[in-house]
Amino acid sequence: MGPLDFIRSIRRILAGKPQVPPSLEGNQLLDIIMKRRSIRRFADRQIPEDVFAAILEAGRLAPSTVNLQTWTFFTYTAETWQDTFGRPVPFKGDRAVIVMGDTHRDKMVLDVFPYSPLVEYTVAVTNASLAAMNMNLAAEALGISSVMLSETGQSGFLDAGYLKQTLDLPDGVFPLMTIIFGYPRGSYPPMPPKLPLEQICFEGEYREANLGVMEDWLSQMMAGYKAAYPLLSFNAQLRVYHSKIDQAEADLKDMVFYGDQGREPG
Ligand SMILES: Cc1cc2nc3c(=O)[nH]c(=O)nc-3n(C[C@H](O)[C@H](O)[C@H](O)COP(=O)(O)O)c2cc1C
């Protein structure tokens with residue numbers, strides 16, 4: 001990407017704003033949703049116990065398929081994270097929660113999906129992700145910022161095998177993401193390039209995306225990455241993911257599709 005394209009892309013990122021109809025401006029919840037950003041710079045300030053408890057409660061009360069609550073949260077302070085993983089919480093966050101899909105617990109009393117492992121897995125991922133988002137938004141409402149991570153070096157879902165061993169997880173419990181919480185340090189970064197509504201929202205029938213819009217979006221993604229991390233590149237980050245994906249794929253298969261699952265009876 002040449003310097004002119006870079007500048008053009010950065011300008012377009014900076015011009016991006018949430019589109020809220022003027023009649024709804026000032027709505028508190030909408031404001032929180034629109035202003036939320038993934039934050040990767042945290043202040044050296046502790047989250048009070050009651051505030052963190054409220055964040056977890058928001059996760060506990062999230063909606064889920066048939067109210068199955070197919071999730072597990074592993075919670076950490078900066079100290080317990082350091083003790084468990086031998087490294088600081090990413091981005092110097094104050095608290096961390098590893099959100100897991102959990103199809104293990106319900107089986108104590110109910111086996112809803114005995115021969116449908118993909119459905120069971122999808123249900124668990126969907127529900128746990130909703131719980132994660134509930135925690136994320138509750139945090140935002142309480143002045144706490146967060147970032148969800150699938151790759152933290154040791155605690156994202158790409159590290160599923162390592163986590164299963166380290167945390168002694170039973171089959172059917174699989175890490176999805178780590179949420180890092182803390183008070184933000186400095187102001188929020190600009191909104192990263194979001195696809196326009198016409199590209200993602202259809203009435204009646206699916207439309208192929210506009211290639212020009214998609215290329216423009218990718219240029220902004222790469223320029224934004226370069227601006228945030230001048231010494232790294234978007235492609236280099238993709239290579240980090242690729243280097244771990246094969247192992248993660250194998251580990252996840254073992255953790256998710258276990259026992260007699262997926263086989264027809266008899
Ligand atoms: C499930 C999930 C996993 C993510 N994993 C990472 C990650 O490993 N590292 C990272 O820096 N950000 C990660 N993010 C944050 C995204 O990069 C971020 O949500 C995206 O760039 C959009 O920015 P925004 O959240 O500020 O709107 C993740 C987000 C989600 C929802």
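Is tyrosine 76 best described as buried or exposed, and what relative accessibility places it there? The structure examined here is a predicted model, in which local features need pLDDT of at least 70 and side-chain atom pairs count only at pLDDT 80 or more, while totals for chains, interfaces and linings use all residues. Residues are numbered from 1 along each chain as its sequence is written, and side-chain values use heavy atoms, with hydrogens and water left out.

Tyrosine 76 counts as buried because its relative accessibility is 6% (buried means under 20% relative accessible area, exposed over 50% and partly exposed in between, with a 1.4 Å probe and protein chains only). Phenylalanine 85, at 5% relative accessibility, is likewise buried. The structure holds nine aromatic pairs (rings of Phe, Tyr and Trp, the last by its six-membered ring, with centres within 6.5 Å; planes under 30 degrees apart are stacked, over 60 edge-to-face and the rest tilted). Among them, tyrosine 76 and phenylalanine 85 form a tilted pair, because their ring centres are 5.5 Å apart and their planes meet at 55°. Tyrosine 121 and phenylalanine 174 are also tilted, with centres 5.2 Å apart and planes at 40°.

Turning to the ligand, its oxygen atoms take part in polar contacts (pairs of N or O atoms within 3.5 Å). One ligand oxygen is 2.8 Å from a side-chain N or O atom of arginine 37, and a polar side-chain atom of arginine 40 also lies 2.8 Å from a ligand oxygen. For tyrosine 241, the corresponding distance is 3.3 Å.

Notes
Polar contact = N/O pair within 3.5 Å; in protein donor to acceptor, adjacent residues only side chain to side chain.
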